[in-house]
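Q: Please pick one part of this structure and take me through it slowly, as I'm new to this. I'd like to see how the pieces meet there.

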2 protein chains.
Amino acid sequence: MSPHLPEFRKDPVVDRWVIIAAERSKRPQPPRATNEVTLAEPCPFCTGNEWMTPPESLAFRDPLTRADSPGWQVRVVPNKYPAVLGTGDLCHRTNTLYQAKIALGAHEVIIENPAHCVDMGELTDSQFQTVLRAYRDRMAELQKDKRWHHILIFKNQGGAAGATLEHVHSQLIALPMVPREVDDEWQAVKAHYQRCQRCLYCDMIDEERILRNRVIVDNHEFIAFCPFAPRFPFETWILPRKHTPFFGFLSDTEVAQLARALRETLCRLNVALNHPSFNYVLHSAPLQKMQGEHYHWHLEIMPRTTEVAGFEWGSGFYINTVAPEDAARNLRATMP
Amino acid sequence: MSPHLPEFRKDPVVDRWVIIAAERSKRPQPPRATNEVTLAEPCPFCTGNEWMTPPESLAFRDPLTRADSPGWQVRVVPNKYPAVLGTGDLCHRTNTLYQAKIALGAHEVIIENPAHCVDMGELTDSQFQTVLRAYRDRMAELQKDKRWHHILIFKNQGGAAGATLEHVHSQLIALPMVPREVDDEWQAVKAHYQRCQRCLYCDMIDEERILRNRVIVDNHEFIAFCPFAPRFPFETWILPRKHTPFFGFLSDTEVAQLARALRETLCRLNVALNHPSFNYVLHSAPLQKMQGEHYHWHLEIMPRTTEVAGFEWGSGFYINTVAPEDAARNLRATMP
């Protein structure tokens, strides 16, 4: 195994995988200021610069325009510096304690606007819909590949959220294993179903709709609320009200409703927190698991207004200085 | 239960606790620049300003000097803005889904130098020894209180590591439960012992001492190495070579050897990464668990040169662009 191929390594103690992607920076890196976003000039994601990215795997574009040329609304391309590779087998290099294997996977970038916009909250409703259709279609397509056990879609906006390019975009990583956080959720959902014959997330939605003190948006199809035990100030989750395990099977009507709920939530966060850096992650059901249908897909939005520190790294325990009831009241009161 | 008391809340899905400490900031906060460290003027940790902190719970000080007055080398005081409280019962507020209880605990600050030093790596060897003696003595003292199931000591140095005051200090939090990360480690150690009748960390030390490609410091009592599957570039762990579950029972000789290993490691990191922000956490055995003696205490040092982003939050999976073998080679080559 070449030392320069990215590889998966498993911590010998806890069930935590890391990707050692040393070829992303050929030598040990000097530290960088954490709030810095690279101002690539020219921007590889702007329309007109399609030649700067690998060939597109999907684009929503005007009729009669050619692939990898202008005329698109949303464009999906393989990541130029992938943390995982689409080729390679799953062979392990292992001794008694240490497991490693080639970091097999897919790593794509969803470019969310042709012009150089840096804040997703400023996109139009129709652009939101196109972005979410791209998420759905890429997920549906990649789900067919039996090598992938999980597909994660996530966004880093702003330097404090780990963004390295400012042009609005999100990323997709398909993995040959179910990552720890999703597996923990899935195990809990399965246990709850076995105990109560009900979906844990459906129960949570019912509870939030009765209490209402943490709810921000509640439309016909989707609910957005601050969760009961949030890690971050103003953390917000969006869930489909109907039990739906897989994001990849959303209808166009559902996509339109989700676009509205997501756009409204991001606009309210922009007003309340003055355009914060944020991450969001889309959790859909693990792919090759029996009983995946007990899962309930959802989107977790995490504004990054505070640094995670030693206590959190050492314990997996979070200190949050804003109660979710206060955050939700604040978000409901803002006019987006 | 007053809404202003800090409270523990458990995520309804995964086994993740958070502390909602809303009284630490009475209202929802505006975002702050993440690299900012408050320049408190005057600094409450400088000698001469002892009146600015709560009364000391421990100090190493010159003979004939009085508590809470100058003449100390290291001083331990209760945190003025505690995330947990020393009083309160363990009563739960709970419904079917949601659990909450008063955030009972102890939260102390270890002030590591009387003069205004901002970089632990610049302290003398004797000052390091006094700091570590303070850690040990406070841990040994708090271990006697049967309410505490775990005591975590951690340090945040620099704005990117979440420090809010720059004067060198670390923190101690005693908790009435074993946090997720420590419990996961402990479960793994216990399982390994049941399988092999050996300590997992002792096995890891043996392996690293044979391979040597990730070792940085290896003195008679302690070893420092970059772990096989590190979350962060240049992440480094320090472990006692002898199987020792509890940090609180260290001898003075061991404290002196640990001081040397820790100081050398921090100095090498300072040279290699140009004085990075960093966190460290000290993991000692859970207190009220049977078979706690299978655990092996250790210190995890995490330089914070990159931001943690959506992929990591969503998966518990880390992307690391520096292989630990490269980081260790680099750290061995630096002259501290």
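A: Here is a close look at the join between two domains, followed by the sheet and the chain contact.

This is a predicted model, with local features needing pLDDT of at least 70 and side-chain atom pairs counting only at pLDDT 80 or more, while totals for chains, interfaces and linings use all residues. Residues are numbered from 1 along each chain as its sequence is written, and chains are lettered from A and ligands numbered from 1 in the order in which they are written.

Let's start in chain A, which splits into domain 1 (7–24 + 36–175) and domain 2 (184–282 + 292–333); the bounds come from an automatic or database domain assignment. The C-alpha centres of domain 1 and domain 2 of chain A lie 22 Å apart. At the join, 23 residues of domain 1 of chain A are in contact with 22 residues of domain 2 of chain A (contact means C-beta atoms, placed from the backbone, within 7 Å).

What does domain 1 of chain A bring to that join? Two elements, α1 (125–142) and β8 (150–157) of chain A, give two or more residues each. Helices (H or I, at least four residues) and strands (E, at least two) are DSSP runs, numbered from the N terminus. The biggest giver is α1(A), with nine residues. That side of domain 1 of chain A has 11 nonpolar, seven polar and five charged residues (Ala, Val, Leu, Ile, Met, Phe, Trp, Tyr, Cys and Pro are nonpolar, Asp, Glu, Lys and Arg charged, and the others, Gly among them, polar).

Now zoom in on α1(A) and helix α4 (residues 252–273) of chain A. Their axes come within 9 Å and cross at roughly 120 degrees (axes are lines fitted to C-alpha atoms, for helices over the stretch in contact, with angles from 0 to 180 degrees between N-to-C directions). The two helices, α1(A) and α4(A), are therefore oblique to each other; angles under 35 degrees are roughly parallel, over 145 roughly antiparallel, 65 to 115 roughly perpendicular, and the rest oblique. The crossing of α1(A) and α4(A) is right-handed: the near helix is turned clockwise from the far one by less than a right angle. On the α1(A) side, the meeting residues include A:F128, A:L132 and A:R136, while α4(A) offers A:V255, A:L258 and A:L262 among them. This helix pair's contact counts seven nonpolar, one polar and five charged residues.

Next, the sheet. Chain A has an open sheet of 10 strands, ordered β3-β4-β7-β9-β8-β13-β14-β12-β11-β10, with antiparallel pairing (strands pair if DSSP finds at least two bridges between them). Its edge strands, each paired on one side only, are β3 (58–61) and β10 (215–218) of chain A. From one strand to the next, the twist averages 15 degrees. Inside that order, β12 (residues 236–240) and β14 (residues 298–303) of chain A pair antiparallel over three bridges, and A:T236 faces A:I301 in β14(A).

Finally, chain B. The contact between the chains takes 78 residues from chain A and 78 from chain B. Helix α2 (residues 180–196) of chain A gives the most to chain A's side, with six residues. Strands also meet across the chains: β15 (residues 318–320) of chain A runs parallel to β2 (residues 17–20) of chain B, joined by three bridges, and A:N320 has B:I20 as its bridge partner in β2(B).

Definitions and conventions: Two residues are in contact if their C-beta atoms, placed from the backbone, lie within 7 Å.
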